[in-house]
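Subject: Structure handover

Hello,

Here is the structure for you to look over. My notes on it follow below.

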Amino acid sequence: MARGERARYWQYADLPGVDLLYAHYIQKSFSRHTHESFVFAAVTDGVEAFHHGDDLVRAGPGQIALVNPDTPHTGYAAVPEGWTYRTIYPDAELVRSIAADVLDLRGPAGFVQPVVDDPYAARLVVGIHRAAEEGNALAADSLLRLVTARLLRSHGGRVRPLAPRAAGARDAARARAVLEERMADPPTLERLAADLGTSPFALLRAFRAAYGMPPHTWLTDARVRRARRLLDAGTPPADAAVAVGFTDQPHLNRHFTRSVGVPPGAYQRARGQARKNVQDPGPGTP
């Protein structure tokens, strides 16, 4: 991490289904990646720029970056001093359950724009962090539901996956299935295309149209996501690296940090501490 940068990625045991990130980045650059959860990132200082799909957008103080699950995006500083933000990553089912209550909306729900100018909602996100840091479970849970409901009412709605229009959509889906199955030992693009009965360039175009990134970028992102699940289960980072197809732990470290914001060791320690707090709440707890 560059000089002057800091980051903490963690969980609060009494706020299940939610990850938290508090960070100040200057030279940090997030590679194109996705999350299985939603992202609510409240910028408190500086300006972050990020590609969201094919658009380049910016978020500054009082604004919130909103990213739906499985949406490719990047992230980097838009000003020399970098940016500071507090981010929550609520589980997709949690957001959808709140959407069902607030909007009487069943099925896939999400947000229709990547940046919203809502200083009050941004303060609520900051409040969730502070409540979690103080161990105030009631406040953290209440503020989480308040900000999610507010954002859904003003910027949310039903999100329907776009029907693939490209002729190679079926090939793209089949290619992804192969890469998921052979994550640690993937075929070359030429071999993959030949097995699917298409050409490498046709497969590249179809895959990008379907998933927002080329196959090799998607594979790196998928490896990081699987590595996170292994780390959550207690697998040592070096073993997780090999299991998902990275050359070694430094290889995992580089890509993991460019997607998650912290190294895998720091990520695992924070998650392990959260589990320990659940199992051993301390004296005086009934």
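**Cavities**

About 140 Å³ of space lies in the largest cavity. The model is a predicted one, and a search of the whole structure finds 2 cavities of 30 Å³ or more in it.

The largest cavity has a lining of 16 residues, and those nearest its centre are H35, V39, E48, H73 and Y85. Two or more lining residues come from each of β3 (29-33), β4 (39-46), β5 (48-52), β7 (63-67), β8 (73-77) and β9 (83-90). Of the contributors, β9 gives the most, with 3 residues. Sorted by class, this lining has 9 nonpolar, 6 polar and 1 charged residues.

The second largest cavity holds about 40 Å³ of space. Around the second largest cavity are H33, T34, H35, D221, V224, R225, R228, S259 and V260. H35 therefore appears in both linings, if you apply the 4 Å cut-off for lining residues. At least two residues of the second lining come from each of α7 (215-232) and α9 (249-260), and α7 has the largest share, with 4 residues. The class split for the second largest cavity is 2 nonpolar, 4 polar and 3 charged.

**Helix packing**

Two packed helices are described by the angle between their axes and the distance between the axes. Three pairs are described below in those terms.The helices α2 (residues 119-134) and α3 (residues 137-155) pack at about 160°, and their axes are 8 Å apart. With angles over 145 degrees counted as roughly antiparallel, α2 and α3 are therefore roughly antiparallel to each other. Their crossing is left-handed. On the α2 side the contact is made by Y120, A121, L124, V125, G127, I128, A131 and A132. On the α3 side the contact residues are A139, A140, L143, L144, L146, V147, R150 and L151. By class, the contact of α2 with α3 has 14 nonpolar, 1 polar and 1 charged residues.

Helix α7, which also lines the second largest cavity, packs with helix α4 (residues 169-181). The axes of α4 and α7 come within 10 Å and cross at roughly 45°. α4 and α7 are therefore oblique to each other, and α4 passes α7 in a right-handed crossing. From α4, the contact takes in R176, L179 and E180. From α7, it takes in P215, W218, L219 and R226. The contact of α4 with α7 has 4 nonpolar and 3 charged residues, and no polar ones.

How are α5 and α6 placed relative to each other? Helix α5 (residues 189-196) and helix α6 (residues 200-211) have axes 9 Å apart, at an angle of about 90°. Angles of 65 to 115 degrees count as roughly perpendicular, and α5 and α6 are therefore roughly perpendicular to each other. L189, E190, L192, A193 and L196 of α5 meet P200, L203 and L204 of α6. In the contact of α5 with α6, 7 residues are nonpolar, none is polar and 1 is charged.

**Backbone**

One residue to look at here is D70, with a positive phi of about 60° although it is not a glycine. D70 sits in the loop between β7 and β8. Both β7 and β8 give two or more residues to the lining of the largest cavity.

**To check in your viewer**

For the cavities, begin with H35, V39, E48, H73 and Y85, which lie nearest the centre of the largest one. For the second largest cavity, begin with α7, the source of the largest share of its lining. For the helices, the pairs to display are α2 with α3, α4 with α7, and α5 with α6. For the backbone, display D70 in the loop between β7 and β8.

Regards

Methods: Residues numbered from 1 in each chain as written. Predicted model: local features only at pLDDT ≥ 70, side-chain atom pairs only at ≥ 80, totals over all residues. Heavy atoms only, no water. Axes fitted to C-alpha atoms, helices over the stretch in contact; angles between N-to-C directions. Parallel < 35°, antiparallel > 145°, perpendicular 65-115°, else oblique. Left-handed = near helix turned anticlockwise from the far one by under 90°. Contact = heavy atoms within 4.5 Å. Nonpolar A, V, L, I, M, F, W, Y, C, P; charged D, E, K, R; others polar. 1 Å grid on protein atoms, 1.4 Å probe; cavity = no way out; pocket = protein on both sides within 12 Å on 5 of 7 lines; lining within 4 Å. Points joined across faces, edges and corners; volume = space filled by probe spheres on them.
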